[in-house]
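Trainee: I should like to learn how cavities and salt bridges are read from a model. Please take me through the structure below.

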Amino acid sequence: MKLYNVFAVLMVVAASFAYLNHRFLRLPSTIGLMILALVSSLLVVVLGRLGVSSVLTIVELVRSVDFNTILMQVMLSFLLFAGAIHVDAQSLGEERVPIFALATVGMLISALLVGGTMYLLLPLFGLTINFIYCLLFGALIAPTDPIAVLGILKQARIPKSLEVKVVGESLFNDGVAVVVFVSLFQIAQVGWEELGPSGVALLFLQEAVGGILLGALLGYGGYHLLRSIDNYKVEVLITLALVTGGTALAAALHTSGPLAIVVAGLIIGQQGRSLGMSDMTREYVDKFWEIIDEILNAVLFVLIGLEILVVDIGTTDLLVGAVAIVVVLLARFVAVSLPLSVLRLRRSFTQHSVKILTWGGLRGAFL
């Protein structure tokens with residue numbers, strides 16, 4: 001019942017905040033939910049400092065939530081599939097070069113710059129951390145999560161090509177970042193001498209290439225199943241099983257689950273929706289995953305706001321955090337500017353692309 005109670009509280013809080021935001025604040029849903037959750041958390045902290053004992057129950061409830069398990073092993077796959085299934089694969093293909101450059105080269109540049117800069121700056125605050133752990137932080141913070149700004153960008157009517165770049169990068173850099181993070185984590189555990197270049201290459205093949213191949217297998221397998229029947233209830237269930245079963249299979253095979261789910265989602269979204277589904281099934285599948293996406297994002301940003309209740313933050317932490325924000329933004333600017341500057345030699349980009357990609361490359365839940 002404890003897990004059920006946690007889930008019930010999160011759903012009630014998310015629904016309440018969603019209502020308040022829609023009725024009064026009228027902010028983009030993720031931003032409104034985050035603000036309300038942060039304000040509520042700060043209020044609970046103040047009440048706790050004032051000696052209100054009942055708030056301790058709330059704190060213990062939040063403390064019992066395993067954020068890593070919920071976010072990385074449950075929510076991430078559903079959110080990635082929900083995003084991938086609605087992406088226009090043709091538009092994504094047209095922008096594949098800048099998307100690939102941003103999701104790989106750009107992500108690596110950002111991770112290296114953030115890790116290296118924080119390694120140099122942390123001793124100024126009396127903190128000494130090994131370089132490998134600074135790189136781990138860089139890999140952790142490098143992937144973007146622009147869900148909170150996509151609504152604003154659509155309202156601003158930015159060019160479709162730029163919107164595709166923002167969405168495409170966010171879909172693929174999660175998977176790439178997980179591969180890089182796992183590789184760095186292995187190095188931190190066993191040491192570079194023990195792992196070596198061949199070990200890193202093998203790990204990359206297993207995680208990245210294995211994840212892509214598994215995703216293609218899942219996607220085309222799911223497509224053929226969808227094409228063989230015409231029953232929207234069963235077909236929705238197939239897409240749900242594809243995500244849950246695919247994630248579990250990727251974990252068992254030690255491949256990248258995020259990359260597998262993104263690839264599978266793109267195949268189902270392109271071939272499955274256009275060639276394997278009737279109009280009625282397509283409508284139900286779209287609405288189902290749109291609702292899943294909305295619910296999980298609501299719960300996700302409420303969780304982020306509530307996490308402040310269980311994080312012990314001191315003055316040094318606040319100062320380091322403020323410095324890290326500046327470092328991450330500057331690294332993001334460089335990571336976007338360099339690849340696009342090279343690509344501009346052969347193709348044109350929308351005006352202010354660098355600015356929008358820099359400021360739109362928010363860091364979201366999976367940190």
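Mentor: Helices α6 (96-121), α9 (160-190) and α14 (315-343) each supply at least two residues of the lining of the second largest cavity. Helices here are DSSP runs (H or I, at least four residues), numbered from the N terminus. The model is predicted, so local features need pLDDT of at least 70 and side-chain atom pairs count only at pLDDT 80 or more, while totals for chains, interfaces and linings use all residues. Residues are numbered from 1 along each chain as its sequence is written, and side-chain values use heavy atoms, with hydrogens and water left out.

Trainee: What is a cavity, and how many of 30 Å³ or more does the structure hold?

Mentor: Rolling a probe the size of a water molecule over the atoms shows where empty space is left. A cavity is a set of points, on a 1 Å grid over the protein atoms alone, where a 1.4 Å probe fits but cannot get out; lining residues have an atom within 4 Å of a point. The structure holds two cavities of 30 Å³ or more, and the second largest has about 30 Å³ of space.

Trainee: Which helix gives the most to the lining of the second largest cavity?

Mentor: Helix α6 does, with four residues. The lining includes Leu-102, Met-107, Glu-169 and Arg-332. Its residues divide into four nonpolar, three polar and two charged.

Trainee: How many salt bridges are there, and how does one read them?

Mentor: Side chains of opposite charge can pair when their charged atoms come close. The rule asks for a side-chain nitrogen of Lys or Arg within 4 Å of a carboxyl oxygen of Asp or Glu, and the count comes to six. Glu-169 and Arg-332 form one of them, with the closest N and O atoms 2.7 Å apart. This pair links helix α9 to helix α14, 163 residues apart. Both Glu-169 and Arg-332 are buried (under 20% relative accessible area; exposed is over 50%, partly exposed in between, 1.4 Å probe, protein chains only).

Trainee: Which residues are joined into one network by salt bridges that share partners?

Mentor: Glu-95, Lys-165 and Arg-347 are. Lys-165 meets Glu-95 at 3.0 Å between the closest N and O atoms. Lys-165 lies in helix α9 and Glu-95 in the loop between α5 (89-94) and α6, so this pair ties together parts 70 residues apart in sequence. Arg-347 pairs with Glu-95 at 3.6 Å, N to O.

Trainee: Is Glu-95 buried or exposed?

Mentor: Glu-95 is buried, with a relative accessible area of 11%, whereas Arg-347, at 27%, counts as partly exposed.

Conventions. 1 Å grid on protein atoms, 1.4 Å probe; cavity = no way out; pocket = protein on both sides within 12 Å on 5 of 7 lines; lining within 4 Å. Points joined across faces, edges and corners; volume = space filled by probe spheres on them. Nonpolar A, V, L, I, M, F, W, Y, C, P; charged D, E, K, R; others polar.
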